[in-house]
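Subject: A structure for you to look at

Hi,

Here is the structure I promised to hand over. Open it up first, then read on for what turned up in it.

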Amino acid sequence: MEKIIKLSCPYCRTETQWQNNPSRPFCSERCRMIDLGRWDNEEYAVAGEKVREPADDPDETSFP
């Protein structure tokens, strides 16, 4: 018999099931898309130092 794994949705905190849940770890597609939108709007960020972007000038090939 397979053990049923339950967890809280990272967005709305509703208890949901891991198995047979195409939106996991979220409870629904709606919560999944809201979370994705927050990443896209830069409401979330991963801690760390900012990385310098390469220049638009193709002649500048290295970073200082």
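Let's start with one side chain: aspartate 35 makes a polar contact with the side chain of tyrosine 44, at 3.3 Å. Keep in mind throughout that this is a predicted model.

Aspartate 35 is a good place to linger. You'll find aspartate 35 in helix 1. Leaving aside residues up to four places away in sequence, aspartate 35 touches Phe26 and Tyr44. Aspartate 35 is also buried, yet has no salt bridge. Which side chain of opposite charge is nearest to aspartate 35, and how far away is it? That would be arginine 38, at 6.4 Å. A salt bridge needs the nitrogen and the carboxyl oxygen within 4 Å, so this pair doesn't make the cut.

Now zoom out for a moment. The protein has 64 residues, and 12% of them count as buried. There are two strands and one helix, and reading from the N terminus the order is β-β-α. Strand 1 covers 6-8, strand 2 covers 15-17, and helix 1 takes in residues 29-40. About 5,900 Å² of the protein is exposed, with carbon and sulfur atoms supplying 50% of that. If you take the contacts with a separation of 6 or more, residues 24 or more positions apart account for 2% of them.

One pair that falls just outside that last group is worth finding on screen. Isoleucine 34 and tyrosine 11 sit 23 residues apart in sequence, and their C-alpha atoms are 8.1 Å apart in space. Isoleucine 34 belongs to helix 1 and is partly exposed, at 26% relative accessibility.

Back to tyrosine 44, which we met through its contact with aspartate 35. How many aromatic pairs does a search of the whole structure find? Just one. The partners are tryptophan 39 and tyrosine 44, with ring centres 5.1 Å apart and planes at 70°, so the pair is edge-to-face. Are these two buried or exposed? Somewhere in between: tryptophan 39 is partly exposed at 40% relative accessible area, and tyrosine 44 is partly exposed at 28%.

Next, the charged side chains. The salt bridge count comes to three, and here they are:

- Glutamate 15 with lysine 6: the closest N and O atoms are 3.9 Å apart. Glutamate 15 and lysine 6 are both exposed.
- Glutamate 29 with arginine 32: the closest N and O atoms are 2.8 Å apart. Both residues lie in helix 1, three residues apart, which is about one turn of the helix. Glutamate 29 is partly exposed at 41% relative accessibility, and arginine 32 is partly exposed at 35%.
- Glutamate 43 with arginine 38: the N to O distance is 3.6 Å. Arginine 38 is partly exposed, with a relative accessible area of 29%.

Notice that arginine 38 turns up twice in this email. Arginine 38 forms a salt bridge with glutamate 43, while aspartate 35, whose nearest side chain of opposite charge is arginine 38, goes without one.

Last, a few things to look for along the backbone. Where is the cis peptide bond? Look between arginine 24 and proline 25, where omega is about 10°. Proline 25 is in the loop between strand 2 and helix 1.

That loop also holds asparagine 20. The phi angle of asparagine 20 is near 55°, a positive value in a residue other than glycine. Asparagine 20 is exposed, with a relative accessible area of 76%.

Arginine 13 is another residue other than glycine with a positive phi, this time near 70°. You'll find arginine 13 in the loop between strand 1 and strand 2, and at 58% relative accessibility arginine 13 counts as exposed.

If you want somewhere to begin clicking, go for tyrosine 44: from there you can follow the polar contact to aspartate 35 and the edge-to-face ring pair to tryptophan 39.

Cheers

Notes
Residues numbered from 1 in each chain as written. Predicted model: local features only at pLDDT ≥ 70, side-chain atom pairs only at ≥ 80, totals over all residues. Heavy atoms only, no water. Phe/Tyr/Trp six-rings, centres within 6.5 Å; stacked < 30°, edge-to-face > 60°. Buried < 20%, exposed > 50% of the residue type's maximum accessible area, 1.4 Å probe, protein only. Helix = DSSP H or I, 4+ residues; strand = E, 2+ residues; numbered from the N terminus. Contact = heavy atoms within 4.5 Å. Areas by Shrake-Rupley, 256 points an atom, 1.4 Å probe, with all protein chains shown as cover. Lys, Arg positive; Asp, Glu negative; His and termini not counted. Polar contact = N/O pair within 3.5 Å; in protein donor to acceptor, adjacent residues only side chain to side chain.
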